[in-house]
Structures are given as C-alpha cells and as structure tokens.
Amino acid sequence: MAALTLCGVTAARDGGASQLIGLDLHVDDGDTVCLLGGSGTGTSTLLRVVAGLTTPASGRVLLDGVDVTSRPARDRRVGLVMRTNTLPSAQTARRSIQLPLVMRRRRGNHRQAVDVEADRLGIEALLDRPNPTLSGGQRVLVQSARALIDSPTVLLLDEPFADLDPHRRGVLRQRLASRGADITVLLATSDPTEAMAVSDRVVVLADGAVRQAGTVAELRDEPADTLVAELLGEPSMLLVPAQVRHRAGETVLRIGDVSVPAWKPELRTLDGLRLAVGVWPEDASSPPRPGDVVLRGVVTNVEPLGPSTLTHVDLEAGGRVRLPVPGAARRLGEAIEVGIDGSRLHVFEPIDGRAITHPPPRGHTSLRH
C-alpha cells in the first residue's frame, strides 16, 4: 500500500477544457477514499492522472512521497478499473486478468493466480469466454480481477458498481473490504449510497477542485454548502427558503407562515436576510411528530420503495423536497403535511449556498458495511 498525494494538479482530458484546477488531495496508507461528484466534475480525470494515463499540465503526483508525475503507468504499481470497456477484444477473460503479471514479468504460476482471483470474485465460469461475449457487469468484474491480481499499492475505481446487479455489487464490496489496510483505494462515484457504504472518507469535487473532505459523519454534521448537502445522501437534505426576523429581542427563522426560534444568537445580525435552511431526512417526517414544525404541501411524484414511498412534495413555503413516507403511496396532487425538527436546522447563504451555521453535532452509527 502507499500514501497518495496530489499537489496543485491542473489537468484536462482528451485535450478539452481543464477538469482539475490546482487540486490538492492526500490519501493515507490503507484508506478507502471516495471521490463524490457528478458528470464533468473531474473524478475520472483525477483517477487517470494518478494512474499515469493523463499527464497533468501542472502539479505533482506523489506515491509514498516519491514524485511519479513523469513515470509511465506500468511503473506505478497502480490498479485501475474503468466503467468503460478496456478489455482487448481478441483475448479471453483469463488472458486479460493475467496480463499485468506477464507485462511486469512476475514469477510463479500465473494460471493458479488467475484462478484464485476469479474465485474471490465469483467469475470462474467466465475465464475461458472471449471478452466481446461478456456483459457490462461481467467486464467490470474481469477488469477488477485484472487490477487486483498483481497486488497494487493503490487501486483506482471509476463507477465500479454502476453496471453490476445487487449480488455482484455485494461481492465486489466484500472483496474490497477483505483487502483491509493492505491497499489504498480511491473510488469515483456519483452515488452517495456507494460512497457511504465503502469509504473511510469522502471527498466532494466541484468545479475541478475539492469542495469538502471528511468522514461521512463530519460532512453530514457540517456540510460546507448546499451542493455538498444535496450530493451527500439519497434522499438528500431537505432545503427550503426562510427569512431571519429579529423582533423584541427574539430572533426567529420564518419558513412560510411558521416561525422557528433561532438557536444561534449571531443570526440576529442577519435580520431581514432571505436564506435557505435544511434538515436531513431523518429529521423530517410525514405525518409530523409531536413537537415538529409543520409545513404543508402537495404530492408531485412518488417512488415506491416497499415499506415506504419516496414522496416528492412541493411546499407552500417554497421549495421541493423528497422524503420517505411509510405506508401506501399518496395520490398525486394530494395535500400532505411534512414535519421537521426545528432544532436540527442547517442554515445556508441564499446566493452561493455557503453554510452559515449548523446545529450541534450528534452521535452517528457507522455507515460502512
């Protein structure tokens, strides 16, 4: 395993506009770090820079403190799994998996090594099949075996679970977890559920730079802005417009026709400011709980999830939210009440979404599987 450091990396992919701009990042030995960001945020470009497939316009890449920026990919002991198909069409799965051992002239029984890695991922039956006959999910598993077979010090994964069925997704997760601290993992995804399931830390990318980094608990306790709050979780934070009002020595947050006492005295200096407030789904409920601030709205969409339904609601106070509602799905257009815990409000700037203040931290159970 190896510590990974990127210092001021600026890079573009395929000659296009820069997707990374002066990016700094450090990953400790043996950590699994998730790069969370949507399309175009630079997550795939960052992985290619670390792997040696894309040369940065500026900045450095360090593995265990050694500058490898100019080293070719074959000399980095880095494994890479891309969502796109990188398997040679003229080869079988077996030959593709053993390729790193051949290229690096590793001694030993290559066939046995392939069999062991295939068994760990449950793909023994695929070994003698030509690569073009494999499905998208099967190709990802073969690429994963190829990346892992030579015991890389760093493993890079680009949307590795996207094309896998739930069973195979669980197998790959367990395979990664079984490596423990033997390997440093950098995983790029746009799925917050995957980020929380396998990562020690999450790094949110936006506009080619790190927007915020930390454990899942740290990011949920104090999201840096509304972008982080909207990315981290499914469903994401419920965000609604509000206004600060300070009257007769009392400061409140006005949400529609409801007033919520402000627990932070410094908010009184923002009297009259229109801003956004948010709560995580666990601090919201429909029907409302005793003591909740009650907001009214209309159901605009439903997504059945078994015992609950992910319900989209247009609030009278403004804003559209999604939250799990127990029981049968509500009818579209039906009036609904949403309760939120007024003591758990996060407050954000109205224009750039920057966080103003957060409620006190609370204990979190581990989200890592």
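A pocket, on a 1 Å grid over the protein atoms alone, is an open set of points with protein on both sides within 12 Å along at least five of seven lines, while a cavity is a set of points where a 1.4 Å probe fits but cannot get out. Lining residues have an atom within 4 Å of a point. Grid points are joined across faces, edges and corners, and a volume is the space filled by probe spheres set on the points.

The model is predicted, with local features needing pLDDT of at least 70 and side-chain atom pairs pLDDT 80 or more, whereas totals for chains, interfaces and linings use all residues. Residues are numbered from 1 along each chain as its sequence is written, and side-chain values use heavy atoms, leaving out hydrogens and water.

**Exercise 1.** Describe the largest pocket and its lining.

*Solution.* Start with the volume, which is about 460 Å³. Next, look at the lining: it holds 18 residues, and V78, G79, L80, R104 and R146 lie nearest the centre. Then turn to the elements, which are DSSP runs numbered from the N terminus (helices: H or I, at least four residues; strands: E, at least two). β6 (78-81), α2 and α4 each supply at least two lining residues. Finally, sort the lining by class, where Ala, Val, Leu, Ile, Met, Phe, Trp, Tyr, Cys and Pro are nonpolar, Asp, Glu, Lys and Arg are charged, and the others, Gly among them, are polar. The tally is 11 nonpolar, 3 polar and 4 charged.

**Exercise 2.** Find which residues of α2 are buried and what they pack against.

*Solution.* Buried means under 20% relative accessible area, exposed over 50%, and partly exposed in between (1.4 Å probe, protein chains only). In helix α2 (residues 93-103), the buried residues are A93, R94, S96, I97, Q98, P100 and L101. These residues pack against α3 (110-121) and α4 (136-148). Just past the helix, R105 has a positive phi of about 55°.

**Exercise 3.** Contrast the linings of the two cavities of 30 Å³ or more.

*Solution.* Take the largest cavity to begin with: it encloses about 60 Å³. Its lining includes L238, V277, L295 and I340. Two or more lining residues come from each of β11 (238-247), β14 (274-279) and β19 (335-340), and β14 gives the most, with 3. By class, this lining has 10 nonpolar residues, 1 polar and no charged.

Now the second largest cavity, with about 50 Å³ of space. Of its 10 lining residues, R220, D221, W280, R344 and H346 are closest to the centre. Here the classes come to 3 nonpolar, 2 polar and 5 charged.

**Exercise 4.** Work out the surroundings of two threonines, T311 and T69.

*Solution.* T311 sits in strand β17 (residues 308-315) and is buried, at 0% relative accessible area. A polar atom of the T311 side chain is 3.1 Å from the backbone oxygen of T309. Beyond four places in sequence, T311 has contacts (heavy atoms within 4.5 Å) that include V299, N301, V321 and I336.

T69 belongs to the loop between β5 (66-67) and β6, and T69 is buried too, with a value of 18%. The T69 and D67 side chains share a polar contact of 2.6 Å. Such a contact is a pair of N or O atoms within 3.5 Å; within protein, one must be able to donate a hydrogen and the other to accept it, and residues adjacent in sequence count only if both atoms are side-chain atoms. Leaving out residues up to four places away, T69 touches P56, G59, R60, V61 and R76.
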